[in-house]
Amino acid sequence: MSSTVISNIATLVTNDPSLGDCSSLGLVRDAAVVIEGDRVVWTGESSKAPATDNRVDAGGRAVLPGFVDSHSHLVFAGDRTEEFNARMSGRPYSAGGIRTTVAATRAASDAELEANLTRHLTEALRQGTTTFETKSGYGLTTEDEARALRLAARHTDEVTFLGAHIVAPEYAGDPAGYVALVTGPMLDACAPHARWIDVFCEKGAFDGDQARAILTAGRAKGLHPRVHANQLSYGPGVRLAVELDAASADHCTHLTDADVDALANSRTVAALLPGAEFSTRADWPDARRLLDAGATVALSTDCNPGSSFTSSVPFCIALAVRDMGMTPDEAVWSATAGGAAALRRTDIGRLAPGAYADLTLLDAPSHVHLAYRPGVPLVAGVWRRGVREV
């Protein structure tokens, strides 16, 4: 395998506290990274870098791990511009929300769905995202949920079955019947194509007992839980996630002290999705409260056509720093190592020997510029598994 050194890095974020300044970011100044094949094999001061076959000059810019987007909904069709426009203009809108996307997704061909998925993945890659999770949830029939997962699995290992997004329109008067479908034939068809199972535990979607039944059935099929929890109101979602050792409780906007304590004393990551609050003008999650309690926090886009139509992790970092009480260091860690934790991964989200060579080069001397210069396209290069793709 050929080797490559990226040298003359002003600031290198390793997310390894044993390196550099021994902070959580493991910052190394005047640094270099050596890549061999698809892995990082060395990091340290540029003057001490070993000889390699190839050399890339970072030009005094910052390098950090590729962003890990642990929550997205990218297998969909259709557009909900009018819904967003009405919401931002203070006008009532009743076109159907998620059900609008369900109808469009069901009507789309496989080729149309995959083309849309690929377009958004390319968009995210240009902004530094090298790992992403994505869900089904816009089909809500056995056939449509299974095909969404098959399409997603062509592009990522982090595939989530979300048949329990909302009750399918055909079962509006029989939610128990829909839960039986999700935990029975739909799960049987979908489990071979997914790693995770998710449920929207919320008023108007699925209550705590229904969510527990769905997640427990998924675990019996080898799928690990994650939960849409406490987005719109206080409820049982977070504590259910902790009870079932879910990898993440996502949204976490409305939390009691007991919810915060439960997260802080568990392996379940609090995944915060500020794009949703931005696009709905809802209350911001209180990241400071979670961090001060000792909970692990991830930042993700929640990219979807209704409530958070952004694929930009840098945008979410800026929102988290400005409106959620996070420092720039905490936000960058949460968008990289935090996202990896939300996927129960140790081979991504960090730049240390043995990790995948997923790197983002910024046109700036420091990762702090991601929040300092919001909206500016700072990503100047992206390597994924050792191959430069941007």
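**Group meeting: cores, cysteines and pockets**

Okay, let's start with the cysteines: there are zero disulfides in this structure. And keep in mind that what we're looking at is a predicted model.

Two cysteines to point out while we're here. C22 comes out at 53% relative accessibility, so it goes down as exposed, given that the cut-off for that is over 50%. C190 sits at 0%, so that one is buried, the limit being under 20%.

Right, on to the packing. Which residues have the most contacts inside the largest nonpolar core? That core has 84 residues, and the ones with the most contacts in it are F161, Y178, F206, L263, L290, L299 and I317. The element that gives the most to this core is helix 5, residues 175–190, with seven residues.

Let me zoom in on Y178 for a second. Leaving out anything up to four places away in sequence, Y178 touches L140, G163, I166, V167, A168, Y171, M186 and F206. You'll recognise F206 from the list a moment ago, as another of the residues with the most contacts in the core. Then, apart from that core, there's another one, of 15 residues, and L12, I35, A357 and W383 are among them.

Now for the pockets, for those of you itching to dock something. The largest pocket holds about 560 Å³ of space. It has 28 lining residues, and if you want to centre your view, the closest to the middle are I98, F200, Q231, L232 and S307.

Where does that lining come from? Helix 1 (81–88), helix 2 (98–107) and helix 9 (274–280) each put in at least two residues. Helix 9 has the largest share, with three. By type, the lining of this largest pocket splits into eight nonpolar, 13 polar and seven charged residues.

Next, the second largest pocket, with about 420 Å³ of space. This one is lined by 25 residues, and closest to its centre you'll find T130, T131, F132, H155 and R384.

Which elements supply at least two residues each to this second lining? Those are helix 3 (110–126) and strand 6 (129–132). Helix 3 takes the largest share here, at six residues. As for chemistry, the lining of the second largest pocket divides into seven nonpolar, 11 polar and seven charged.

So, to recap: zero disulfides, a largest core of 84 residues with another of 15 apart from it, and two pockets, at about 560 Å³ and about 420 Å³. That's me done, over to you.

Notes:
Residues numbered from 1 in each chain as written. Predicted model: local features only at pLDDT ≥ 70, side-chain atom pairs only at ≥ 80, totals over all residues. Heavy atoms only, no water. Core = buried A, V, L, I, M, F, W, Y, C linked by side-chain atoms within 4.5 Å. Buried < 20%, exposed > 50% of the residue type's maximum accessible area, 1.4 Å probe, protein only. Helix = DSSP H or I, 4+ residues; strand = E, 2+ residues; numbered from the N terminus. Contact = heavy atoms within 4.5 Å. Disulfide = S-S within 2.5 Å. 1 Å grid on protein atoms, 1.4 Å probe; cavity = no way out; pocket = protein on both sides within 12 Å on 5 of 7 lines; lining within 4 Å. Points joined across faces, edges and corners; volume = space filled by probe spheres on them. Nonpolar A, V, L, I, M, F, W, Y, C, P; charged D, E, K, R; others polar.
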